[in-house]
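Work through the exercises below with the sequence and the structure in view. Try each task before reading its solution.

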Amino acid sequence: MSRSRSGNAGSPEEAADGATVPVPASARTGPVSHAIFRVARLHRMIAGQLLRGVGLHPGQELVMMQLWELGPQRQTDLVRLLDSDAATMTRTVQRLEQAGFVRRSPCPDDRRAVLVESTVAGRALRHEVERVWTELEEAATGGLTAEERTAALRALERLEENLARTAAGG
């Protein structure tokens with residue numbers, strides 16, 4: 001991960017690989033928030049590269065994981081489980097359906113609801129997605145000790161709790 005340097009407005013940050021990211025002076029008031037932004041952007045970029053190899057886009061694997069874990073789900077339940085919105089989930093499920101990884105059908109209990117389930121092709125992706133996530137985890141945490149990984153996870157969980165509390169208005 002890159003480390004902040006103090007200096008003039010717009011001074012670059014030096015990443016481990018020598019790449020630079022311009023940091024506006026105003027970002028100095030939120031160094032943790034800026035670091036989260038940078039890490040999330042890189043994580044999503046690498047996830048996208050890895051997932052493309054198995055025919056998915058970032059976020060689609062999360063839908064598949066829920067289906068593998070829980071079985072067929074109402075589309076509205078997927079929205080809730082993944083803290084998404086209805087329009088995004090509709091597009092995601094449509095794309096997964098077009099790729100042959102899920103099928104949609106009317107829910108037998110509520111004909112207004114749509115049931116989403118993994119197809120045989122979707123279930124065949126599980127091993128590849130797990131491999132991709134292992135590779136992504138290593139890209140993110142490689143070189144960290146077990147204790148550092150645990151501390152990083154604890155810190156991220158605390159940040160998530162703080163942000164969730166703020167999002168809920170508290």
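**Exercise 1. Classify E135 as buried, partly exposed or exposed, and find its salt-bridge partner.**

Solution. Step 1: the model is a predicted one, and in this model E135 has a relative accessible area of 38%. Step 2: buried means under 20% and exposed means over 50%, so E135 is partly exposed. Step 3: the partner of E135 in a salt bridge is R131, with the closest N and O atoms 3.3 Å apart. The cut-off for a salt bridge is 4 Å, so this pair qualifies. Step 4: R131 has a relative accessible area of 37% and is likewise partly exposed. Step 5: both residues belong to helix α6 (residues 126–141), where E135 and R131 are four residues apart, about one turn of the helix. Side chains of opposite charge can pair when their charged atoms come close.

**Exercise 2. Find the salt-bridge partners of R74 and R104, and classify the four residues by accessibility.**

Solution. Step 1: R74 pairs with D77, and their closest N and O atoms are 3.1 Å apart. Step 2: R74, at 31% relative accessible area, is partly exposed, whereas D77, at 18%, is buried. Step 3: this pair is part of a network of salt bridges that links R74, D77 and R80. Step 4: R104 pairs with E97, with 2.8 Å between the closest N and O atoms. Step 5: R104 is partly exposed at 31% relative accessibility, and E97 is partly exposed at 29%. Step 6: a search of the whole structure gives nine salt bridges, including R74 with D77 and R104 with E97.

**Exercise 3. Decide whether α2 and α4 are roughly parallel, roughly perpendicular, roughly antiparallel or oblique, and list the residues in their contact.**

Solution. Step 1: helix α2 covers residues 60–70 and helix α4 covers residues 86–98; their axes come within 10 Å and cross at roughly 80°. Step 2: angles from 65 to 115 degrees count as roughly perpendicular, so α2 and α4 are roughly perpendicular to each other. Step 3: α2 contributes Q60, V63 and M64 to the contact, and α4 contributes M89, T92, R95 and L96. Step 4: sorted by class, the contact has four nonpolar residues, two polar residues and one charged residue.

**Exercise 4. Describe the largest nonpolar core and state which element gives the largest share.**

Solution. Step 1: this core has 21 residues, and the members that touch the most other members are L56, M64, L67, L96, V102 and L125. Step 2: two or more residues each come from α1 (31–52), α2, α3 (75–81), α4 and α6. Step 3: α2 gives the largest share, four residues. Step 4: for L67, leave aside neighbours within four places in sequence; the contacts of L67 are then Q73, L78, V102, V116, E117 and S118. In soluble globular proteins, nonpolar side chains tend to be buried together.

**Exercise 5. Locate S118, R149 and R38, and classify each as buried, partly exposed or exposed.**

Solution. Step 1: S118 is in strand β5 (residues 114–118). At 7% relative accessibility, S118 is buried. Not counting residues up to four places away in sequence, S118 touches M64, L67, W68, F101, V102, R103 and R123. Step 2: R149 is in helix α7 (residues 146–167). With 30% relative accessibility, R149 is partly exposed. Beyond four places in sequence, R149 contacts E138, T141, G142 and L144. Step 3: R38 is in helix α1. At 4% relative accessibility, R38 is buried. The C-alpha atoms of R38 and V21 are 8.7 Å apart, although these residues are 17 residues apart in sequence.

**Exercise 6. State how many helices and strands the protein chain has, and in which order they occur.**

Solution. Step 1: the chain has seven helices and five strands. Step 2: along the sequence the order is β-β-α-α-β-α-α-β-β-α-α-α. Step 3: the protein chain has 170 residues, of which 26% count as buried. Step 4: take the contacts with a separation of 6 or more; residues 24 or more positions apart account for 41% of them.

Methods
Residues numbered from 1 in each chain as written. Predicted model: local features only at pLDDT ≥ 70, side-chain atom pairs only at ≥ 80, totals over all residues. Heavy atoms only, no water. Axes fitted to C-alpha atoms, helices over the stretch in contact; angles between N-to-C directions. Parallel < 35°, antiparallel > 145°, perpendicular 65-115°, else oblique. Contact = heavy atoms within 4.5 Å. Nonpolar A, V, L, I, M, F, W, Y, C, P; charged D, E, K, R; others polar. Salt bridge = Lys/Arg side-chain N within 4 Å of Asp/Glu carboxyl O. Buried < 20%, exposed > 50% of the residue type's maximum accessible area, 1.4 Å probe, protein only. Core = buried A, V, L, I, M, F, W, Y, C linked by side-chain atoms within 4.5 Å.
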